[in-house]
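Open the model in your viewer and keep the selection box at hand. Each stop below gives you something to select, then tells you what is there.

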Amino acid sequence: MITRIMKLTFAMIMSIVLLVGCTQTNSIVQQIHGNDNADVKQVAETKSTTQQSVSETTTSSIDLIKSSEESTQSKKQATSPEVLKGNMAVHFIDVGQGASQLIVGPSGKTMLIDAGNNDKEELIVAYLKKQKVNKIDILIGTHPDADHIGGLDAVIDNFDIGKIYMPKVQSNTKTFEDVLLAIQRKGLKITTAKAGLTLEWESNVTVKMIAPVNQYDETNEMSAVIHLSYGSTSFLLTGDAEAGSEKDMISSNANLRADVLMVGHHGSKSSTTQAFLNAVQPTYAVIQVGIDNKYGHPTSEVFQRLNAKKIKIYRNDEQGNIIFTTNGKEITVKTSGGGSPSKSTAKPSEPAAAKPTEVPKKQEDNVVYKNCTAVREAGKAPLHKGDPGYSTKLDRDGDGIACE
């Protein structure tokens with residue numbers, strides 16, 4: 001009798017395994033063909049075979065069954081992220097020349113916006129674990145540039161993920177492809193990031209996506225921009241949005257007012273225009289920037305605009321990790337490298353005047369870049385006048401330096 005029961009039990013388990021495997025495979029196929037998942041579709045078509053998918057899915061299903069009890073137990077024992085008790089914390093993580101923000105809500109829900117470069121993925125994972133994060137409830141990749149999404153695949157691989165938002169813009173880089181494959185491995189979907197969305201997160205925190213307002217050729221301009229409101233305090237997180245997107249955000253009549261502004265595009269003068277700054281009216285500004293970066297970020301122009309309004313400036317290259325905490329009424333700031341706002345100014349980004357005897361570089365007209373994204377992907381940014389591929393089309397402010 002016992003033997004018969006054991007055989008029957010084994011048969012039931014194998015049936016469940018096969019059923020789960022097939023269902024999971026169908027689920028992946030459905031996700032690949034989803035309206036908001038065109039990017040995943042492209043990678044799946046080029047990188048995966050049906051046989052591999054079935055094999056991996058079956059293995060995944062078996063692992064899922066084997067680990068379900070452990071997972072349930074783990075969730076029961078999971079410790080909520082740090083900084084609770086009615087406070088919201090916004091971490092500007094020091095990822096060098098890149099960007100990443102972790103937001104922990106009053107009840108412990110989490111949101112991660114970007115994850116720095118590929119070489120910072122271990123740093124990001126370690127930082128999140130140190131904050132006792134087990135799940136990212138909302139994950140946002142602002143745009144496909146490597147210094148923003150490079151670490152997202154590691155985050156997806158190492159944590160439970162809720163909802164993922166990315167703008168509808170593609171890149172042909174391996175970094176972008178790795179992120180999409182990580183999303184596919186977890187059977188997740190991408191929701192298109194665009195202006196007008198209200199994200200469901202903490203019940204007493206309003207999360208609005210206010211950009212991209214339009215479709216742009218330049219990936220920086222496609223950056224997802226997030227406005228967070230908790231009580232009477234607010235934050236504006238801008239990715240690499242530049243002047244064009246800023247102008248459209250102003251025209252959209254979205255609420256831009258914020259106590260804390262993440263300065264766009266690491267302090268490039270192509271962002272944080274005077275009109276945008278006037279609309280935001282921040283008390284604090286944060287510049288996510290790496291030490292001695294080759295782009296000359298942040299620029300003196302942006303510093304001049306911020307200083308003219310007496311805005312307190314914090315920057316990762318000088319103060320390490322920067323953490324704002326708010327109870328909905330007041331905001332406090334802590335940094336890992338010292339608590340005082342930055343008093344430094346950037347070196348002038350204008351090119352030095354050419355010496356009379358200097359021979360200008362000969363322009364090579366056979367090198368043409370479609371836009372600054374292509375320049376960055378080629379590892380050529382920034383371009384100076386005379387460099388192969390430089391054009392006035394890429395030099396928006398006409399200062400002789402393109403794709404800053």
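## Start at strand β10

Select residues 233–237, strand β10. This strand is mostly covered: 5 of its 5 residues are buried. Remember as you look that this is a predicted model. Now check the two faces of β10. Thr233, Phe235 and Leu237 point to one side, Ser234 and Leu236 to the other, and all are buried, so to speak, on both faces. Next, add strand β9, residues 225–230. β9 and β10 pair in the antiparallel sense, over 5 bridges. Pick His227 and find its bridge partner in β10, which is Leu236.

Zoom in on the turn. β9 and β10 form a hairpin with 2 residues between them. Gly231 sits in that turn and has a positive phi of about 60°.

Now go to the next strand, β11, residues 260–262. β10 and β11 pair in the parallel sense over 2 bridges. Phe235 stands opposite Val260 of β11. To follow the chain between these strands, show helix α8, residues 243–251: the path runs from β10 through α8 to β11, and this β-α-β crossover is right-handed.

## Widen to the whole sheet

Show β7 through β13. They form an open sheet of 7 strands, in the order β7-β8-β9-β10-β11-β12-β13, with mixed pairing. Which strands stand at the edges? They are β7 (197–199) and β13 (312–315). Each has a single partner strand, so one side of each is left without a neighbour in the sheet. Turn the view to see the twist: neighbouring strands are turned by 20° against each other on average, direction ignored.

Stay at the β7 edge. Select β8, residues 205–211. β7 and β8 pair in the antiparallel sense over 3 bridges. Leu199 has Val207 as its bridge partner in β8.

Move across to the β13 edge. β12 and β13 run parallel, joined by 4 bridges. Select Val286 and look for its bridge partner in β13, Tyr314. The chain gets from β12 to β13 by way of α10, and this β-α-β crossover is right-handed. Show α10 itself. This helix lies across β12 and β13, running at about 140° to β13.

## Two loops beside β12

Select Asn293. This residue lies in the loop between β12 (284–287) and α10 (300–308). Is Asn293 buried or exposed? Asn293 is buried, with a relative accessible area of 14%. Show its side chain and two partners appear. One is the side chain of Gln97, in polar contact at 3.4 Å. The other is the backbone nitrogen of Gly296, which the Asn293 side chain reaches at 3.1 Å.

Now select Gln281, in the loop between α9 (274–280) and β12. Add Lys309 and draw a C-alpha to C-alpha distance: Gln281 and Lys309 are 8.5 Å apart in space, though 28 residues apart in sequence. Then look for contacts of Gln281. Leaving aside neighbours within four places in sequence, they are Arg257 and Ala258.

## The nonpolar cores

Leave the sheet and select Leu128, Ile136, Leu139, Val155, Ile156, Ile161 and Ile183. These belong to the largest nonpolar core, which has 31 residues, and they touch the most other members. Colour the elements that give two or more residues to this core: β2 (101–104), α4 (121–130), β4 (135–140), α6 (152–158), β5 (160–166) and α7 (174–185). α7 gives the most, with 5 residues.

Centre on Ile156. Leaving aside neighbours within four places in sequence, Ile156 is in contact with Leu139, Ile161, Ile164, Val179, Ala182, Ile183, Lys186 and Leu188. Apart from this core lies another, of 30 residues. Its members include Ile138, Ala224, Tyr230 and Ile322.

## Zoom out

Finish with the full chain in cartoon view. Its secondary structure comes to 12 helices and 17 strands. Of the 404 residues, 50% count as buried. Among contacts with a separation of 6 or more, 66% are between residues 24 or more positions apart.

Conventions
Residues numbered from 1 in each chain as written. Predicted model: local features only at pLDDT ≥ 70, side-chain atom pairs only at ≥ 80, totals over all residues. Heavy atoms only, no water. Buried < 20%, exposed > 50% of the residue type's maximum accessible area, 1.4 Å probe, protein only. Pairing = 2+ DSSP bridges. Right-handed = clockwise from strand over helix to strand, strands pointing away. Polar contact = N/O pair within 3.5 Å; in protein donor to acceptor, adjacent residues only side chain to side chain. Core = buried A, V, L, I, M, F, W, Y, C linked by side-chain atoms within 4.5 Å. Contact = heavy atoms within 4.5 Å. Axes fitted to C-alpha atoms, helices over the stretch in contact; angles between N-to-C directions.
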